[in-house]
Amino acid sequence: MAYMKNKLWALILYPVSLFTSADWLDVNMPVGVTDISKEVFDLHMAIFIVVVVIGIVVFGGLFWSMWKYRRSNHKTPAKFTENHTVEILWTIIPTLILIAMAVPASITLKKIYEHEAEEGGIDIQVVGWQWKWQYKYLDEQVGNAPLSFFSNLTTPPDQYEFNRVEKTENYLLEVDEPVVIPVDTPVRFLITSNDVIHSWYMSDFAVKQDAIPGFINVAKTKVNVPGIYRGNCTELCGERHAYMPIVVKAVTQEEYEAWLQEKRELAEQVAYLTEKDWTSEELLATGEEIYETRCAACHQANGAGIAGFYPALAGSGVVMNDKAQQIEILMEGIRGSQMQSFAEQLNEVEMASVITFTRLAWGNDKSGDGEIVIPKDIVEYKENNL
Amino acid sequence: MSAVVENHDHHDDHHGPKKGIMRWLTTTNHKDIGTLYLWFSFAAFLLGGAFAMGIRAELFEPGLQLMDPIRYNQLVTMHGLIMIFGGVMPAFVGLANWLIPMQIGAPDMAMPRMNNLSFWLLPTAFTILLSTAFMEGGMPGFGWTFYAPLSTNYPNVAYFVFAIHIMGASSIMGSINVVVTIMNMRAPGMTLMKMPLFVWSWLITAYLLIAVMPVLAGAVTMLLMDAYFGTSFFDAAGGGDPVLFQHVFWFFGHPEVYIMILPAFGITSHIISTFSRKPLFGHASMVYAMVSIAVLSFVVWAHHMFTVGMPLVAELFFMWATMLIAIPTGVKVFNWCATIFKGSITYETPMLFAIAFVVLFTIGGFSGLMLAITPADFQYHDTYFVVAHFHYVLVPGAVFSIMAAVYYWLPKWTGNMYDEKMGRLHFWLSFIGVNITFFPQHFVGLAGMPRRYADYALQFAEWNAVSSVGAFLFGFSQLLFLYIVVKTVFAGKKATPQVWDGADGLEWTVDSPAPYHTFDVPPKING
């Protein structure tokens, strides 16, 4: 009997236990980590409380009337059709409430725009690509160009596409290279796009700004708390719209400097690797990895593409027999299609290895010329075409 | 308003309907065409609903289980297009066809042959649009808002463009018909301010349609030129402007939103008054409120674009203009509440749907007001909070009002009463289902889940599962609606001409079912 009673309680409490997990309670806007985001949160809560109170008053009156004047309780309906006093009141009172809401909203909005216009801080250009973000630190030179890198999703297809392994904590919110910014420093994001419209959304900063080709939109933020912040693309940009997350790592000024230094050293190393002689085995190993993260989303892991959208690479004439044209396509992209330029996305070594991989994989080496591309070929292309 | 109906000897046998399929293909009768529109919209509602079931099934848990993201985007796009252009709009046109002539005492619509063409263009347009499902590249997958330049490089976009053109032609013809009918064919004595509110709501809606459908046609034409003829209206690389597309689209899009809600205001006003057994409170102020909403709808479009990077003054203007809409909308809600106050109320199915409309539409209005606040919209924009908002105004808003209208006028159309118990069951299942579906979407939206995502982060899993369960409940409940309507068409308790004891209006003075031709001689309106 006692056992039965326990079972019954467990059954009754089961739904309650579900609601005590953290995710069930994740039902509101984050307060965020900037002064602006806190102000936006307060504004949101203020409006929310106002509409809830209005709702309680209006629906309360409605439900009370519905109960009180049900036919079984109120046989003879009244006949009135107007009452100027209440009609004036229910026009004026909402107007006053709206003004009371519009004033703080306008002040906050003005503050956001003034904050954007202020001088100082660091400038980072954000470029939306199908389906990844590029970050360019305009004030930081590495070699003879600004420090620039791409930020790609690192959640493996085994987690999202095939559901073969358990999804990890930061599922779809993790990237290979987060954008690193110092705390307590104004950071200006100059947001644009390389192809279609994307939108750069970081809820913890209360920043959402569309990335539009041909336009540069500005969003400014000053993060108060070090940490890793995760956001998303919020403008439908095609197939992999859900797979281009944003990760911002806010660090102390010293850590930021150290990170910059590390980036400069890395660039020197890449320059050395480009000069080295490569074997096809070495290129293949790097190439396969790059193909999986950068190419397989469209051209598919087996190189077959998707009919009507993305051409097949397996058995493609260009990939099998026309080395020069393949290099050109990867470097320049194909205008009017979703094939983008990878000139900035891949360095010479990565570019050569991924091209070599496609030329040797899926039987392309048997049916085609089987020639490989080495980093020096890419350097040569750049010298001839720039 | 009271009406005197003069009885004449009708010779319906001389000009009754043709037999068989030709009746429906060649009909010029407003009641037949109304029936065609209503069945068409019901079919579209079930198809668009099936797509929604696919979306919710995929979103039941994180990860891709049922489809790749290309397919998912196609379902999202087609769900929107079908529900808007095939579901809600044709349903209101069907109601307009059935009711406007009967409510103003006219024998038919002013242009009966054009009326037939308006309807038959619709299945044509949808056949073109849906045929892309069988082509390489498939259906459009760029969202119902088809933002350039995503849409300009999409496969099969020409089919989409031509389908929209044909739907637009159908809507414009239908609207001209409505305006001409209302302006010229009212029974003697029916002044504009004496017109029933459903007629008023459609007069305003028709003007909105005539104003904005050509704008949509312009947008899709520019899109077509960009996609196939090498122009650069929206292509930045050719000197074009992708933001221009959004301005043009939303200049159509925002009035379009009110096109889908104004007739619902009219319907709700009739039903609440009937079942409260009390004349509508503030008939004239209802009219002024609808006109104000319609006028304001032309100056608020850029609140859909707060994040495209507009200057401060533009953001402030569109925020304030948008907030203004709350005033006339509030007046309407207060008027409905005041109509109920001191009434003698019963709760038949139409009344249940109408009251649910008032409450849930108002909740959608509240979230709309929150979305108008620009700084907060930087957080809400393009998240599930927006999805929750517009589904609250469109599903328990527009769709509930259409269901209320069907239950309310079905006895007049078929001569049979529907099964009240089944009707109430349908209401409660729909009411519970719709709230379980859309209320949790406020939560995941505020927590930051972007819309149009085939897959999402783990923190959103719980509420998405709840939302999907609600969607299946709501979706499958609509099969019950189909059953109830079909059953009523063929059988049921015979309806009296008056049908509802509290109902007022010319349509209740004719027999149930309404004869094939009504008001060959106009009634006289007294008072």
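**Exercises on a two-chain contact and its domains**

In this predicted model, 82 residues of chain A are in contact with 81 residues of chain B, where contact requires C-beta atoms, placed from the backbone, to lie within 7 Å. Residues are numbered from 1 along each chain as its sequence is written, and chains are lettered from A in the order in which they are written. Local features need pLDDT of at least 70 and side-chain atom pairs count only at pLDDT 80 or more, whereas totals for chains, interfaces and linings use all residues.

**Exercise 1.** Describe the side of chain A that touches chain B by element and by residue class.

*Solution.* Begin with the elements that give two or more residues, which are helices H2 (35-68) and H3 (84-117) and strands S6 (198-202) and S7 (207-211) of chain A; helices (H or I, at least four residues) and strands (E, at least two) are DSSP runs, numbered from the N terminus. Next, H3(A) gives the most, with 15 residues. Finally, this side of chain A divides into 40 nonpolar, 26 polar and 16 charged residues, with Asp, Glu, Lys and Arg counted as charged, Ala, Val, Leu, Ile, Met, Phe, Trp, Tyr, Cys and Pro as nonpolar, and the others, Gly among them, as polar.

**Exercise 2.** Work out how domain 2 and domain 3 of chain A meet.

*Solution.* Chain A is divided into domain 1 (28-117), domain 2 (122-267) and domain 3 (276-385), with bounds from an automatic or database domain assignment. The centres of domains 2 and 3 of chain A, taken over C-alpha atoms, are separated by 26 Å. Their contact takes eight residues from domain 2 and six from domain 3, and the domain 2 side has two nonpolar, four polar and two charged residues.

Notes:
Two residues are in contact if their C-beta atoms, placed from the backbone, lie within 7 Å.
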